[in-house]
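Biologist: Before I rely on words such as buried, stacked or core, I would like to hear how each of them is justified. Could we go through them one at a time?

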Amino acid sequence: MHTSDSLRCRTTTTTRRLSANGSPCVTRSQSFSRDIGHAASETYLMSSLAFTLLRYLGLGRRWMLRLLALLLYAMLLMPGFLRVVYQFCVSRQVRRSIVYGDQPRNRLDLYLPNSIDSPKPVVIFVTGGAWIIGYKAWGALLGLQLAQRDIIVASIDYRNFPQGTISNMVEDVSQGISFVCKNISEYGGDPKRIYLMGQSAGAHISACALFQQAIKEFKGDSISWSTSQIKAYFGLSGVYHLPNLVEHFERRGLHRSIFLSMMEGEESLKQFSPEMIVEDPSVRNAFSILPPIVLFHGTKDFTIPPYASTTFAETLKSVGVPADLILYKGKTHTDLFVQDPLRGGKDELFDYIVNYIHAGDVDALAKVAKAPPRTRLCPEPLIKLAGMVSPF
């Protein structure tokens, strides 16, 4: 199937043809019913994840207050969230729930530009969620907005705790990366321009997947994808040294016993701490093949303190890994990923990523420069109030 055919699914005819993910094209009425079904299933899963989180965090006074703050935060930003959910459910540029493995959560969403006139750069995105409520749809806002700037986004889902522990999460993400590397050209992506990005817990999981892959290559193990296929890694508000943050998470309400269960015991913390892996002299030579690493963090992030990224960047540089750290003054854990994107218009983090990915592509940069400003999705007073009550 040619690329131009595989990316179109005509809804004005009843002729049966195949869409990009191999499913039959449908009529407008069938499409509407399918979109309603998508919205219902997304709502059900998000509610289920929220209750799972509550069950594992307990119902103490501190968490009840935090829950109330979270509900108020979500209600204030609801006008923006509803617009994103609507776009996600009805957009013809979103390929939802593409299967990449044999586990129940081995699915990914693809966000495609309106026009695939040439192979496009690709961002593989791994969302956060405290290792408990991570879900691919959390990347919808980022995916929709990057697609408007000629960048394909693959948002990977993975098993959460208690469905899986950290090794399962890393395994799932690595398998998702492999799938994208092998198949993205069928969707108009450029397999030579693939970027890996993670946010919060997703930054931790994706970094583990990348570093473990480098070690496998160094040891000569069998691999299904290569670190050489990743042009750069973007880590947003991530966790990279687990032992340093166990007590911090305890104070924030993520009980030590639960956290250690997720991470497969205290003895495994080093194995799943990218910063500590880099410091291991026995595999240090493996990291010479790592791509450039760019870390982003807000200075007012109380969920994951900015020193998590600062010390990681210093450690990477000490062993010769190309690493940059960008701190955003006054930004919280959710400002960079939620509030600022909902504002639309110019956004330092978003603009940096777009310009980094399109660097050297004169035509793409010219197209980006002419693109209309991103739409504001939520009124500013509501965004400011949400920031004041945010539990993050």
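Modeller: Let us begin with burial: a residue counts as buried when its relative accessible area is under 20%. The model is a predicted one, and within it Y195 is buried, as is F234. By that cut-off, each of these two residues therefore has a relative accessible area under 20%.

Biologist: How much of the protein chain counts as buried?

Modeller: Of its 392 residues, 54% count as buried.

Biologist: Why is the pair of Y195 and F234 called stacked?

Modeller: The structure holds 17 aromatic pairs, and in this one the ring centres lie 6.0 Å apart with 0° between the planes. Rings pair if their centres lie within 6.5 Å, and planes under 30 degrees apart count as stacked, so Y195 and F234 meet both conditions. The pair also links distant parts of the chain, since Y195 belongs to strand β5 (residues 189-199) and F234 to strand β6 (residues 230-236), 39 residues apart.

Biologist: What makes the pair of F211 and F287 tilted?

Modeller: The centres of these rings are 5.5 Å apart and their planes stand at 40°. That angle is neither under 30 degrees nor over 60, so the pair of F211 and F287 is classed as tilted. This pair, too, links distant parts of the chain: F211 is in helix α7 (residues 201-219), whereas F287 is in the loop between α10 (274-279) and β7 (293-298), 76 residues apart. Both F211 and F287 are buried.

Biologist: How do you know that R374 lies over the face of F350?

Modeller: R374 is at 4.0 Å from the ring centre of F350, and the criterion asks for CZ of Arg within 6 Å of the centre and within 35 degrees of the ring normal. R96 lies over the face of F88 in the same sense, at 5.8 Å from the ring centre, so it also falls within the 6 Å limit.

Biologist: What makes a set of residues a nonpolar core?

Modeller: The members must be buried residues of the nonpolar kinds, joined through side-chain atoms within 4.5 Å. The largest such core has 69 residues, and those with the most contacts inside it include W131, F211, F259 and F287. Helix α7 gives the most to this core, with 10 residues. Apart from it lies another core, of 40 residues, among them V123, V294, Y328 and V338.

How values were computed. Residues are numbered from 1 along each chain as its sequence is written. This is a predicted model: local features need pLDDT of at least 70, side-chain atom pairs count only at pLDDT 80 or more; totals for chains, interfaces and linings use all residues. Side-chain values use heavy atoms; hydrogens and water are left out. Helices (H or I, at least four residues) and strands (E, at least two) are DSSP runs, numbered from the N terminus. Buried means under 20% relative accessible area, exposed over 50%, partly exposed in between (1.4 Å probe, protein chains only).
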